[in-house]
Number of protein chains: 2
Amino acid sequence: MSIDAIRRIRRFNRAVTAEVGALDTSFLGRGRPLGAARVLNAIGHGRGEVGSLRDYLGLDSGLLSRLLRSLEEEGLVVTLPHPQDARRRVAALTEAGRQEFAAYEALSNDRAAQLLARAPKGDDLLRAMDLVATALGRERIAIEETDPRSEAALHCLTAYYAELGRRLATGFDVALSRDPEAADMMRPRGAFLVALSDGLPVGCVGLKGKGGDLAEIKRLWVCPSARGLGLARRLMEEAEAAARDLGITTLRLDSNNALTEALQLYRRTGWVEIDRFNDDPYPDHFFEKHLP
Amino acid sequence: MSIDAIRRIRRFNRAVTAEVGALDTSFLGRGRPLGAARVLNAIGHGRGEVGSLRDYLGLDSGLLSRLLRSLEEEGLVVTLPHPQDARRRVAALTEAGRQEFAAYEALSNDRAAQLLARAPKGDDLLRAMDLVATALGRERIAIEETDPRSEAALHCLTAYYAELGRRLATGFDVALSRDPEAADMMRPRGAFLVALSDGLPVGCVGLKGKGGDLAEIKRLWVCPSARGLGLARRLMEEAEAAARDLGITTLRLDSNNALTEALQLYRRTGWVEIDRFNDDPYPDHFFEKHLP
DNA sequence: ACATTTCCCTGACTTAAGTCAGAGAATACG
DNA sequence: CGTATTCTCTGACTTAAGTCAGGGAAATGT
């Protein structure tokens, strides 16, 4: 742990504190204290229930209550009892509230755009920001089951194919590979998982089943800025759990010699190499694992 | 300006806000409001004069005054009239104040170390942080004249030699090159400039003189995370200004074909290519510029 | 030498943020 | 069915932060 590293991190902190402060200041321009603005934005982002607002914003119950009242008086928010449990309350934006929320979103987007505009090399900066955000938000990476045709899934798959094209000596053309049907990677036959870090897709894995007790793992991918966090392992564990849940007892997968990290992961996590089980042109390694 | 880029920046903002907040919270652990802690730390970092404290922290004069009083009552700070101008006052830490300041520094360092410890690939993360901090703090990069043997200068020169070693087809060995005497790059014969971003050296340039009206530009370097910001140009302008100040009328420099950005910069800023003027083994391009 | 300006200070405010105790309604539990 | 628990709300605080108007001492300009 060198002194130099600590100095660099502290310099980063200073630089970024100014940026965060500037965003807060721009939020004050709407003539509302920051606390109320934060509540309004949290509701706009889909956090309706009062309890979840409290947890998310870390506010005292009394304080949040008052902030909600002030937003109600402004006509931006209405609160209604929760349909299932009338002790709880759910806040929702009115039409005026939605407009105000949109104004805050526009402020945030403007600041982001300004930052990008004064940045030297747009893409390097974005990549660096992704890496930092992922490292800082490591414990907040959520793995979710989704439709393999969802926006998040397509984001990952596009990046995955592009990476295969770069890494395989032969290049890669999806059309030549056996692209699974979406229905094979959805319940009840299979599943598709994406890893989301604060909403940004950073990894995926597919479980492709045919209805029997045999299934295949496909499309395991982790985005470069999220590598080294053990995310691939987590994705595989979740995929195996989903397989068990579907009554699957044997898993298979194919891979390529160029994908060294993946091969290493499979060998370390109980997969055994078997003979070729398909005629797909790209893979040259084949694995199997029996689920207990 | 893609939507995706804005989403990524906003995700970065969220991730980093949590980090900044955590640092603030840890500062509260010393039983002192954040405002007072900020003042104490600013004094500890060498900002003694009340006026400069006010500017740096962006505080109202009355508020700062009160914060200073509270630190005085705690016995952490003493304020004395400014020796040159008795209207102004200068704050300084007492022995107890120095200890308290050291405790805050330790908290900051701990947080930085923790962040680094939970990071996956230490060096990638640090590089990404440098890039972000430099891009955000772009307008705060200061160019200072320094001893070519100072810590900051050596930091730059070491990185410069390493980079030459990587980029030149022949490799690079300082011993074979004509390494200037330190005295040739200091007043009154020459000068050495470093660019500091929040204290971190991010670039340098040397002006090597022999006492006459001819001098050479040497060791122009900008660290990778600060490229694309026009820093090399600024360094060259400052070096030329220093040369004029020293009464120098003709500047020369040598460079290598592999250093394309540098060659481009020279050609665009009024340098003309001339014949080889030394027998150094590394350069293959030679330039001259007359100062008006 | 005198008026003006600069600098920091004090006192009297306002606003935001946060804490805590307890009330009232609804649900869960035995 | 009655009691305990959960959930949100209100009222009565405290603390931090910030604003504004002046005042006194020192320096500056004429």
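Four helices line the approach to DNA strand C in this predicted model. Two belong to chain A: α2 (34–44) and α4 (61–73). The other two belong to chain B: α3 (50–57) and α4 (61–73). Each of these helices supplies at least two residues of the surface near the strand. The biggest giver is α4(B), with 5 residues.

Now look at the residues themselves. DNA strand C is surrounded by 21 residues. The closest are Arg87(A), Arg54(B), Ser65(B), Arg69(B) and Arg87(B). Sort the surface by class, and you find 10 charged, 6 nonpolar and 5 polar residues. Which part of the strand do they meet? Of the atoms of DNA strand C that come within 4 Å of the protein, sugar and phosphate account for 67%.

Individual contacts fill in this picture. Start with the phosphates of DNA strand C. One phosphate oxygen is 3.0 Å from an N or O atom in the side chain of Arg69(B). A phosphate oxygen is also 3.4 Å from Gly35(A), but there the partner is a polar backbone atom. Arg87(B) reaches a base instead: an N or O atom in its side chain is 3.2 Å from a base oxygen of DNA strand C.

Turn to DNA strand D. It too is surrounded by 21 residues. The closest are Arg54(A), Ser65(A), Arg66(A), Arg87(A) and Arg66(B). Sugar and phosphate account for 67% of the strand D atoms that come within 4 Å of the protein. By class, the surface near DNA strand D has 10 charged, 6 nonpolar and 5 polar residues.

Two side chains of chain A meet phosphates here. An N or O atom in the side chain of Arg54(A) is 2.5 Å from a phosphate oxygen of DNA strand D. For Ser65(A), the distance from a side-chain N or O atom to a phosphate oxygen is 2.9 Å. Ser61(A) meets a base: one of its polar side-chain atoms lies 3.2 Å from a base nitrogen of DNA strand D. Which elements give two or more residues to this surface? They are α3 (50–57) and α4 of chain A, together with α2 (34–44) and α4 of chain B. The largest share, 5 residues, comes from α4(A).

Next, consider how the two protein chains are related. In general, two copies of a chain are related by a rotation about an axis and a shift along it. In this structure, a rotation of 180 degrees superposes chain A on chain B, with 0.0 Å of shift along the axis and an RMSD of 0.2 Å. That is why the relation is that of a two-fold axis. The same surface serves both copies, as 100% of the contact residues of chain A recur in chain B. To find the axis, go to Ala128(A). Of the residues of chain A, Ala128(A) comes closest to the rotation axis, with its C-alpha at 2.1 Å.

One residue shows the two chains touching. Asn13(B) is found in helix α1 (residues 3–28) of chain B. Is Asn13(B) buried or exposed? Its relative accessibility is 12%, so it counts as buried. Leave aside its neighbours within four places in sequence, and Asn13(B) is in contact with Glu19(A) and Leu23(A).

Step back to chain A as a whole. It has 9 helices and 9 strands. Its C-alpha atoms fill a box of roughly 70 × 55 × 40 Å, taken along the principal axes. Of its 292 residues, 49% count as buried. Among the contacts in chain A with a separation of 6 or more, 59% come from residues 24 or more positions apart.

Finish with one helix of this chain, α9 (residues 260–268). Which of its residues are buried? They are Ala262(A), Leu263(A), Leu265(A) and Tyr266(A). These residues cover an arc of only 160 degrees around the axis, so they lie on the same side of α9(A). On the other side, Thr260(A) and Arg268(A) are exposed. What does the buried side pack against? The buried residues of α9(A) pack against β6 (214–222), α8 (231–245), β7 (250–255) and β9 (285–290) of chain A. Just after the helix comes Gly270(A), which takes a positive phi of about 90 degrees.

Notes:
Residues numbered from 1 in each chain as written. Chains lettered and ligands numbered in written order. Predicted model: local features only at pLDDT ≥ 70, side-chain atom pairs only at ≥ 80, totals over all residues. Heavy atoms only, no water. Near = heavy atom within 4 Å. Polar contact = N/O pair within 3.5 Å; in protein donor to acceptor, adjacent residues only side chain to side chain. Nonpolar A, V, L, I, M, F, W, Y, C, P; charged D, E, K, R; others polar. Least-squares fit on C-alpha atoms with pLDDT ≥ 70 in both. Contact = heavy atoms within 4.5 Å. Buried < 20%, exposed > 50% of the residue type's maximum accessible area, 1.4 Å probe, protein only. Arc of directions from axis to C-beta.
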